[in-house]
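Open your viewer, load the model, and keep the selection panel within reach. We will go from stop to stop, and at each one I will say what to pick and what you will find there.

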Amino acid sequence: MSKQLTGIVLNTKMAQTAVVEVTRRWTHPLYQKTITRRKKFLTHNPQLTLKAGDRVMIQECPPVSKRKRWAVIKKLT
């Protein structure tokens, strides 16, 4: 089964591509401090229905281009 992540759309200025930022929070094992990490993914968006600020679910897919290995599954509320 492919990985699925949830994130926020930052940019939709490229053709059929959306930049999605995924935020991950975890607790440091020694210091017990909550750490936040962010990563941007280029995702395939053929419907062109997204805009910046939308919350989406993305899933791994076969490579679409050099940097696109994720596809938008659905738009969340």
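Which residue stands opposite Val-56 in S5? Select Val-56 and look across to the neighbouring strand: the residue facing Val-56 is Lys-75.

**Before going further**

This is a predicted model, in which local features need pLDDT of at least 70 and side-chain atom pairs count only at pLDDT 80 or more, while totals for chains, interfaces and linings use all residues. Residues are numbered from 1 along each chain as its sequence is written, and side-chain values use heavy atoms, with hydrogens and water left out.

**Stop 1: the whole chain**

Show the chain as a cartoon. You should find five strands and zero helices, where helices (H or I, at least four residues) and strands (E, at least two) are DSSP runs numbered from the N terminus. Along the sequence the pattern reads β-β-β-β-β. The C-alpha atoms fill a box of roughly 45 × 25 × 20 Å along the principal axes.

Now colour by strand. The five strands form a closed barrel in the order S1-S2-S3-S5-S4, with mixed pairing; two strands pair if DSSP finds at least two bridges between them. From one strand to the next the twist averages 50°, an angle between N-to-C directions on a scale from 0 to 180 degrees, with axes as lines fitted to C-alpha atoms.

For the surface, expect about 5,800 Å² of accessible area, 52% of it belonging to carbon and sulfur atoms; the area comes from the Shrake-Rupley method with a 1.4 Å probe.

**Stop 2: the pairings**

Select residues 55-60 and 70-75, which are strands S4 and S5. They run antiparallel and are joined by five bridges.

Next take S2 and S3. This pair is antiparallel over 11 bridges, and Glu-21 has Lys-40 in S3 as its bridge partner. Follow the hairpin of S2 and S3 round its turn: six residues lie between the strands, and Gln-32 takes a positive phi near 55°.

Finally, show S3 with S5. Here the pairing is parallel, over two bridges, and Thr-43 stands opposite Trp-70 in S5.

**Stop 3: the core**

Select Val-9, Ala-18, Val-20, Val-22, Phe-41, Leu-50, Val-56, Ile-58, Trp-70 and Val-72, and show their side chains. These 10 residues make up the largest nonpolar core, a set of buried Ala, Val, Leu, Ile, Met, Phe, Trp, Tyr and Cys residues joined through side-chain atoms within 4.5 Å. S2 (17-27), S4 and S5 each give two or more residues to this core, and S2 provides the largest share, with three. In soluble globular proteins, nonpolar side chains tend to be buried together.

Centre on Val-20. Beyond its neighbours within four places in sequence, Val-20 is in contact (heavy atoms within 4.5 Å) with residues including Val-9, Phe-41, Val-56 and Ile-58.

Over the chain as a whole, buried residues make up 29% of the 77 residues. Buried means under 20% relative accessible area, exposed over 50%, and partly exposed in between, with a 1.4 Å probe and protein chains only.

**Stop 4: two buried polar residues**

Go to Thr-17 in strand S2. Thr-17 counts as buried because its relative accessibility is 7%. Its side chain makes a polar contact of 2.9 Å with the side chain of Lys-68; the term covers pairs of N or O atoms within 3.5 Å, and within protein one must be able to donate a hydrogen and the other to accept it, while residues adjacent in sequence count only if both atoms are side-chain atoms.

Then pick Asp-54, in the loop between S3 and S4. At 8% relative accessibility, Asp-54 is buried too. A polar atom of the Asp-54 side chain lies 2.9 Å from the backbone nitrogen of Lys-51. Leaving out residues up to four places away in sequence, Asp-54 touches Gly-7, Ile-8, Val-9, Thr-49 and Lys-75.

**Stop 5: out in the loops**

Is Lys-33 buried or exposed? Select Lys-33 in the loop between S2 and S3 (34-44): Lys-33 is exposed, because its relative accessible area is 58%. Past four places in sequence, Lys-33 touches Trp-26, Thr-27 and His-28.

End at Val-64, in the loop between S4 and S5. Val-64 is partly exposed, at 41% relative accessible area. Draw a C-alpha to C-alpha distance from Val-64 to Thr-77: they are 13 residues apart in sequence and 27 Å apart in space.
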